[in-house]
Amino acid sequence: MTRSVWLKADDAVGDWEARKRRITAGLEAGVDWVLVDERDVDRVRELGEVNVAAFTGDDVHVMEAEAADAPTADAVIVGKDGEGDGTVDLPSDFSGSADLSALRSGGADGGYVRIFDQSYEAFAEAIAGDATYSIVVSEDWQIIPLENLIARVGEETTLIAGVQTAEDARTAYETLEIGADAVLLDTDDPDEIRETCEVRDAVGRETLDLQYATITAIEQTGSADRVCVDTGSIMDHDEGMLVGSMARGLFFVHAETAESPYVASRPFRVNAGAVHAYVRTPGGETKYLSELSSGDEVQVVDADGNTREAIVGRAKIEQRPMFRLQAETEDGDTIETLLQNAETIKVATPDGRTAVTDLEAGDELLVYHEDQARHFGEAVEESIIEK
């Protein structure tokens, strides 16, 4: 599931200058959506590239949509100043709801509901049955209404939970181990906005089960075209990438974060191996190192298997002398790769970071192993022999 962050920036926030400051902070932090009143749609688009949702009443929307110069939101949301926020009383029979009528007629894409009590929880469930986006804001109880809605609406809608802090967002994403699809963040604090986006990214990341494999052979070979992957991110001391000649078995290679007497650290770089090798990318796919170019995404991994994404700034290819490194996994599979013969290329061993030039047969090093073949970078159930 891909999580997202919506930022509330309607007139309840304050005047346009207050709203603009909040929206600008959201754009800088990387929010996915901004929720505003319909009159502000064009103003938001002038500030930057982001999905824009707009509050509107159903009748107002119909009239304005007919106007040639009507602002176009990516999603129209009913419920503000209506039944959803308690301004208009809920009908005893939801079939008479103006908000639901707007959704069913195509005059709106989503609904906004503040959960005051069980009747509003039931109304939110009814909204979810017809809305692409269902925004729910709990007044007193944060968890129970959200748990009930997650359990009941399933995949019928994109469920968006109202929050005010990054910690609230984490709870919303993890509730019932399924979580809300998105959060609607209501805060002016730029740090809280940034931290909420960081929580979104962390919740959606893979955690890989890395293992130690035993080196069965390491030998110098001739020269080959070697790829340094230079990213647009600074990597931590325990981070690197997964690379290898066989997609089912990838070796953990550290980023060049360590200082040496001869070469300055380059914490944005992984000296990843020869052009033919695979590198793991987000979503569990792989690419050949030779295919990487500026703007591509690669997966950065730490020694505990935690992952994140990084953008490639450049792929630097040069001819260098290489080692052939072969290892046996816990279940007896033999995997291998080519790495440059240089002291600055380091792998993870039980003793910590170790230069490839110091490795010997019998040493252990960290790898990622999966019992699947690859076709155009995607895992397939197929018998393929690689040697």
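This report describes the barrel, one helix pair and a group of antiparallel strands in a predicted model.

**Overall composition**

The protein chain contains eight helices and 22 strands. Of its 387 residues, 50% are buried. Contacts between residues at least 6 apart in sequence join residues at least 24 apart in 61% of cases.

**The barrel**

Eight strands form a closed barrel with parallel pairing, in the order β1-β2-β3-β4-β5-β6-β7-β8. From one strand to the next, the twist averages 25°. One pairing within this barrel is that of strand β3 (residues 51–55) with strand β4 (residues 75–78), which run parallel and are joined by three bridges. In this pairing A54 lies opposite V76 of β4. Helix α8 packs on the sheet, where it touches β1 (4–8) and β8 (182–185). The direction of α8 makes about 160° with that of β1; because angles over 145 degrees count as roughly antiparallel, α8 and β1 are roughly antiparallel in direction.

Strand β2 (residues 33–37) holds L35. Is L35 buried or exposed? The relative accessible area of L35 is 0%, and this residue is therefore buried, the limit being under 20%. Beyond its neighbours within four places in sequence, L35 contacts L7, K8, A9, D10, A53, A54, F55, I77, I135 and L184. Several of these partners can be placed on strands already described: L7 and K8 fall within β1 (4–8), A53, A54 and F55 within β3 (residues 51–55), I77 within β4 (residues 75–78), and L184 within β8 (182–185). L35 and L185 stand 150 residues apart in sequence, while their C-alpha atoms are 9.7 Å apart in space.

**Helices α7 and α8**

Besides packing on the sheet, α8 has a helical partner. Helix α7 (residues 166–174) and helix α8 (residues 190–203) have axes that come within 8 Å and cross at roughly 25°. How are α7 and α8 oriented to each other? Angles under 35 degrees count as roughly parallel, and α7 and α8 are therefore roughly parallel to each other. Their crossing is right-handed. On the α7 side, the residues in contact are A166, A169, R170 and Y173; on the α8 side, they are E192, E195, T196, V199, R200 and V203. Classed by residue type, this contact comprises five nonpolar, one polar and four charged residues.

**The antiparallel strands around β10 and β11**

A further set of strands pairs in the antiparallel sense, with β10 and β11 joined by five bridges. Strand β10 covers residues 239–246, and strand β11 covers residues 249–254. A hairpin of two residues links β10 to β11. Within this pair, M246 stands opposite G249 of β11, and V243 has F251 of β11 as its bridge partner.

Each of these two strands also pairs elsewhere. β10 pairs with strand β15 (residues 297–302) and with strand β13 (residues 278–281), whereas β11 pairs with strand β20 (residues 364–369). The table lists these antiparallel pairings with an example of opposed residues from each.

| Strand pair | Bridges | Residues opposite each other |
|---|---|---|
| β10 and β11 | five bridges | M246 and G249 |
| β10 and β15 | two bridges | E239 and D302 |
| β10 and β13 | two bridges | G244 and Y278 |
| β11 and β20 | three bridges | L250 and Y368 |

Strands of a sheet pair through backbone hydrogen bonds, either parallel or antiparallel.

How many residues of β10 are buried? Eight of the eight residues of β10 are buried, so this strand is largely enclosed by the rest of the structure. Strand β11 is likewise mostly covered, with six of its six residues buried. The residues of β11 point in two directions: G249, F251 and V253 one way, and L250, F252 and H254 the other. Both sets are buried. Two of the residues named in the pairings above thus fall on opposite sides of β11, with F251, the partner of V243, pointing one way and L250, which faces Y368, pointing the other.

Key. Residues are numbered from 1 along each chain as its sequence is written. This is a predicted model: local features need pLDDT of at least 70, side-chain atom pairs count only at pLDDT 80 or more; totals for chains, interfaces and linings use all residues. Side-chain values use heavy atoms; hydrogens and water are left out. Axes are lines fitted to C-alpha atoms, for helices over the stretch in contact, and angles run from 0 to 180 degrees between N-to-C directions. Helices (H or I, at least four residues) and strands (E, at least two) are DSSP runs, numbered from the N terminus. Angles under 35 degrees count as roughly parallel, over 145 as roughly antiparallel, 65 to 115 as roughly perpendicular and the rest as oblique. A crossing is left-handed if the near helix is turned anticlockwise from the far one by less than a right angle, and right-handed if clockwise. Contact means heavy atoms within 4.5 Å. Ala, Val, Leu, Ile, Met, Phe, Trp, Tyr, Cys and Pro count as nonpolar, Asp, Glu, Lys and Arg as charged, and the others, Gly among them, as polar. Buried means under 20% relative accessible area, exposed over 50%, partly exposed in between (1.4 Å probe, protein chains only). Two strands pair if DSSP finds at least two bridges between them.
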